[in-house]
Amino acid sequence: MKWKTAMMALSLLIGCGRPAQQPSTNQNADSMRPGNPQAPASPNAPVAPVAPAKPAALAPPRVLIEPKGPIDPKSVEAAGQVVQLYGALIEERRFNEAGSLWGDRALAASFATHFKVTTHMEIGDLGETDGAAGSIFTTVPVIFYRTGLRRHADVILRRVNDVPGSTAEQRRWHIAQIEWKDAR
């Protein structure tokens with residue numbers, strides 16, 4: 001919010017379309033005040049122009065970087081895409097397709113019962129990967145929300161590492177479970 005306000009103020013300063021004010025030789029009451037270091041030495045001496053204030057440096061908004069080129073299907077970015085697709089599908093109430101992103105369809109159907117009303121999802125920062133017993137895991141924090149509800153959860157994704165005998169289905173990122181982080 002502060003960033004937007006600062007940008008509006010900066011654009012007003014830059015784009016107001018008025019010519020820059022030229023320094024004046026007129027004396028004003030403030031410049032003549034005793035003890036003012038900018039006060040002229042004599043009443044007839046010109047006032048030194050004051051340098052315009054530089055705008056404060058603005059912190060750039062947090063922007064998620066779009067990948068350049070194809071995403072490696074083994075990467076954490078690919079896991080993030082699964083979470084993003086899941087959020088889009090539940091928002092559109094396409095639960096059957098959303099369930100296909102889970103490793104366990106019965107667990108997916110059980111979780112879908114939480115979405116009797118259209119629900120949206122915010123996705124947090126992608127986590128790091130962890131390995132265990134031939135599998136890779138990552139956790140993506142999310143917030144499910146709708147009117148009157150805002151719940152934090154962790155989406156835990158899994159993929160089988162490239163182990164001999166594993167299927168393509170096992171080697172893709174899929175939702176292993178979703179854990180609620182706050183009370184209902």
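Ser-135 lies in strand S3, which covers residues 135-146; strands here are DSSP runs of E with at least two residues, helices are runs of H or I with at least four, and both are numbered from the N terminus. The model is a predicted one, in which local features need pLDDT of at least 70 and side-chain atom pairs count only at pLDDT 80 or more, while totals for chains, interfaces and linings use all residues. Residues are numbered from 1 along each chain as its sequence is written, and side-chain values use heavy atoms, with hydrogens and water left out.

At 5% relative accessibility Ser-135 counts as buried, where buried means under 20% relative accessible area, exposed over 50% and partly exposed in between, with a 1.4 Å probe and protein chains only. The side chain of Ser-135 makes a polar contact of 2.8 Å with the side chain of Arg-158; such a contact is a pair of N or O atoms within 3.5 Å, and within protein one must be able to donate a hydrogen and the other to accept it, with residues adjacent in sequence counting only if both atoms are side-chain atoms.

Strand S3 also holds Phe-144, whose partner Trp-180 lies in strand S5 (residues 174-180), so this aromatic pair ties together parts that are 36 residues apart in sequence. Phe-144 is buried at 1% relative accessibility, whereas Trp-180, at 25%, is partly exposed. The structure holds 7 aromatic pairs, and two of these are set out below; rings of Phe, Tyr and Trp (its six-membered ring) pair if their centres lie within 6.5 Å, and planes under 30 degrees apart count as stacked, over 60 as edge-to-face and the rest as tilted.

| Pair | Centre to centre | Angle of planes | Class |
|---|---|---|---|
| Trp-102 and Phe-111 | 5.7 Å | 40° | tilted |
| Phe-144 and Trp-180 | 5.4 Å | 65° | edge-to-face |

Trp-102 and Phe-111 are both buried. These four residues belong, together with Tyr-86 and Phe-115, to one aromatic cluster.

Trp-102 and Tyr-86 also appear in the lining of the largest cavity, alongside Phe-95, Ala-98, Gly-99, Ala-108 and Ala-112. On a 1 Å grid over the protein atoms alone, a cavity is a set of points where a 1.4 Å probe fits but cannot get out, and lining residues have an atom within 4 Å of a point. The largest cavity has a volume of about 30 Å³, and H4 gives the largest share of its lining, 3 residues.

Technical notes:
1 Å grid on protein atoms, 1.4 Å probe; cavity = no way out; pocket = protein on both sides within 12 Å on 5 of 7 lines; lining within 4 Å. Points joined across faces, edges and corners; volume = space filled by probe spheres on them.
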